[in-house]
Amino acid sequence: PYIAGYKLGWVTDKTIRTKLCQVGYVGYDAASLKYMGEEFAKNILPTCVRQNALERILWHKKQGDRIVVVSASLGVYLESWCQSLDLEVICNQLEIRDGILTGDFINGDCGYLEKVNRIKNKYDLTQYSTIYAYGDT
């Protein structure tokens, strides 16, 4: 019902992300998911990243800029991809208890305005004379 509601515009992206994780990951072995996430980051994610976005990331790296990927995606794969490019990341973190996923996010969903909150909590933006921000929505 949540997916249908999302497709009809009745359910927000935050709600669908939360519900899908609660259904899809509750009780799942964290080490297995970490392995699958790393494989996904290595083999699949590079084929999904827009070429112009990757070019821009590499341009910023060449300039010596600090680059932070801020996303509502899951850290289980995004962290590995960012690490491969030496990028910092702020994203959704799945809660683990005794090696098993609970289906919940640590500190809630990192979507929409929460991205701004997490950036401001982690970085002193007054230390930067220029800040670039890019998005895909």
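In this predicted model, the charges of the protein chain are evenly matched in number, with 16 positive and 16 negative, and their mean positions lie 5 Å apart. The surface that carries them can be described in similar terms: the protein chain exposes about 9,600 Å², and carbon and sulfur atoms supply 54% of that area. Of the 137 residues in the protein chain, 28% are buried. Taken along the principal axes, the C-alpha atoms fill a box of roughly 45 × 35 × 30 Å.

The secondary structure comprises seven helices and four strands. Read from the N terminus, the order of elements is α-α-α-α-α-β-α-β-β-β-α. Contacts that span the sequence are well represented: among those between residues at least 6 apart in sequence, 52% join residues at least 24 apart.

Helix 3 is a convenient place to look at the packing in more detail. This helix covers residues 30-43, 14 residues in total, and reaches 20 Å from its first C-alpha to its last, close to the 20 Å expected at 1.5 Å a residue. Its buried residues are found at Ala-30, Leu-33, Gly-37 and Ala-41. Viewed down the axis of helix 3, these buried residues fall within an arc of 75°, and they therefore line one face of the helix. The general geometry is helpful here: an α-helix has 3.6 residues a turn, so residues three or four places apart point the same way. On the face of helix 3 turned away from the buried side sit the exposed residues Ala-31, Tyr-35 and Lys-42. The partners of the buried residues are both helical and extended, with packing against helix 2 (13-25), helix 4 (45-48), helix 6 (75-84), strand 3 (94-97) and strand 4.

Strand 4 (residues 100-105) also holds Gly-103. Gly-103 is buried because its relative accessible area is 3%, under the 20% cut-off for burial. Leaving aside residues up to four places away in sequence, Gly-103 touches Thr-18, Cys-21, Gln-22, Tyr-25 and Val-26. Gly-103 can also be paired with Gly-27: the two are 76 residues apart in sequence, yet their C-alpha atoms are 7.4 Å apart in space.

A second buried site occurs in helix 5 (residues 51-63), where His-60 is placed. His-60 counts as buried because its relative accessibility is 7%. With residues up to four places away in sequence set aside, the contacts of His-60 are Asp-65, Ile-67, Tyr-132 and Tyr-134.

The loop between strand 4 and helix 7 (113-122) brings the backbone into view, with Asn-107 as one of its residues. Most residues other than glycine have a negative phi. Asn-107, although not a glycine, has a positive phi of about 65°. Tyr-112 lies in the loop between strand 4 and helix 7 as well, and this non-glycine residue has a positive phi of about 50°. Both positions are open to the surroundings in the computed accessibilities: Asn-107 is exposed because its relative accessible area is 67%, and Tyr-112 is exposed because its value is 69%, the cut-off for exposure being over 50%.

Notes. Residues numbered from 1 in each chain as written. Predicted model: local features only at pLDDT ≥ 70, side-chain atom pairs only at ≥ 80, totals over all residues. Heavy atoms only, no water. Helix = DSSP H or I, 4+ residues; strand = E, 2+ residues; numbered from the N terminus. Buried < 20%, exposed > 50% of the residue type's maximum accessible area, 1.4 Å probe, protein only. Contact = heavy atoms within 4.5 Å. Areas by Shrake-Rupley, 256 points an atom, 1.4 Å probe, with all protein chains shown as cover. Lys, Arg positive; Asp, Glu negative; His and termini not counted. Charge placed at Lys NZ, Arg CZ, Asp CG, Glu CD. Expected span 1.5 Å × (residues − 1). Arc of directions from axis to C-beta.
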